[in-house]
Amino acid sequence: TLPRNSILAFKHAHHSLELARQVEQYLVDGLHNVAVTESAFGNPQYALECAEEAQKASLQIQTPLTDYYALFAKATALEALKQTDEAKSFFEKAAKLAREHKLGLFEQKSALELDRLNNDLESARKRMQWFEERGLMNGVNIAKRYFPELAETAQELVLEMKTSLRLEVL
């Protein structure tokens, strides 16, 4: 998730890539940051170039997390280029990789993007609950932003939890 201020997003993403180019093990992270930022706020074609460079770099580093970042970056770039089916395929690959390597947060993050692209409210509701159960409010907020219908549900759950806590005390 990017800062709402796109100027700051560009500044930080490009600076992270500049630093990452100095330390090879962080190159995929930096390329991912730029690809996601460019996909959201800038040049989707450049985002795709960064994502493809990230995929090549991840072959050299070969860790599940760098592979995940490369797949996620490519998915966001493809979506920005209006290649939705291909984007879905890469989000699915990213989620599968994360699941296989027990990277739960990353699996849920990719799957939530798929939920958004597939307009799958019920699946998004389950993911939002997963984020809530772990106190990961950024994931909850993203789910609510993608599916405004979930905002009411989350507020009702919080109210219900407060009520049940009060009843237990009484």
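**A buried aspartate and the helices around it**

At 4% relative accessibility, Asp115 falls under the 20% cut-off and so counts as buried. In this predicted model, Asp115 sits in helix α6. Its side chain reaches over to the backbone nitrogen of Ala124, at 3.2 Å. Setting aside neighbours within four places in sequence, the contacts of Asp115 are with Asp120, Ser123, Ala124, Arg127 and Phe147.

As for the overall layout, the protein chain has nine helices and zero strands. Read from the N terminus, the order of elements is simply α-α-α-α-α-α-α-α-α. The protein chain has 170 residues, and 39% of them count as buried. If one takes contacts between residues at least 6 apart in sequence, 53% of them link residues at least 24 apart.

Now to the interior. In soluble globular proteins, nonpolar side chains tend to be buried together. Here, the largest nonpolar core has 32 residues, and Val28, Leu31, Ala35, Tyr68 and Phe91 have the most contacts inside it. Two or more residues of this core come from each of α1 (6–20), α2 (27–41), α3 (44–61), α4 (64–80), α5 (84–100) and α6 (104–118). The biggest share is that of α4, which puts in nine residues. Ala35, one of the residues with the most contacts inside the core, touches Ala47, Cys50, Ala51, Ala73 and Thr76 when residues up to four places away in sequence are not counted. There is also a second core, separate from the largest one and made of ten residues, including Ala124, Phe131, Val140 and Ile142. Ala124 has turned up already, as the residue whose backbone nitrogen is reached by the side chain of Asp115.

Another buried residue worth a look is Ala98, which is found in helix α5. Its relative accessible area is 0%, so Ala98 is buried. Not counting residues up to four places away in sequence, Ala98 touches Tyr68, Leu103, Phe106 and Glu107. Tyr68 is among the residues with the most contacts inside the largest core. Between Ala98 and Lys109, which are eleven residues apart along the chain, the C-alpha separation is 9.7 Å.

Helix α6 also packs against a later helix. Two packed helices are described by the angle between their axes and the distance between the axes. For α6 and helix α8 (residues 137–146), the axes come within 10 Å and cross at roughly 10 degrees. With angles under 35 degrees counting as roughly parallel, α6 and α8 are therefore roughly parallel to each other. On the α6 side the contact is made by Leu112, Glu113 and Arg116, and on the α8 side by Gly139, Ile142, Ala143 and Tyr146. Sorted by type, the residues of this contact come out as four nonpolar, one polar and two charged. Of these, Ile142 also belongs to the second core.

Finally, two loop lysines have backbone angles to note. Lys82 lies in the loop between α4 and α5, and its phi is near 65 degrees, a positive value in a residue other than glycine. Lys82 counts as exposed, at 69% relative accessibility. Lys102, in the loop between α5 and α6, has a phi near 55 degrees, again a positive value in a residue other than glycine. With a relative accessible area of 75%, Lys102 is exposed.

Note on methods
Residues are numbered from 1 along each chain as its sequence is written. This is a predicted model: local features need pLDDT of at least 70, side-chain atom pairs count only at pLDDT 80 or more; totals for chains, interfaces and linings use all residues. Side-chain values use heavy atoms; hydrogens and water are left out. A nonpolar core is a set of buried Ala, Val, Leu, Ile, Met, Phe, Trp, Tyr and Cys residues joined through side-chain atoms within 4.5 Å. Buried means under 20% relative accessible area, exposed over 50%, partly exposed in between (1.4 Å probe, protein chains only). Helices (H or I, at least four residues) and strands (E, at least two) are DSSP runs, numbered from the N terminus. Contact means heavy atoms within 4.5 Å. Axes are lines fitted to C-alpha atoms, for helices over the stretch in contact, and angles run from 0 to 180 degrees between N-to-C directions. Angles under 35 degrees count as roughly parallel, over 145 as roughly antiparallel, 65 to 115 as roughly perpendicular and the rest as oblique. Ala, Val, Leu, Ile, Met, Phe, Trp, Tyr, Cys and Pro count as nonpolar, Asp, Glu, Lys and Arg as charged, and the others, Gly among them, as polar. A polar contact is a pair of N or O atoms within 3.5 Å; within protein, one must be able to donate a hydrogen and the other to accept it, and residues adjacent in sequence count only if both atoms are side-chain atoms.
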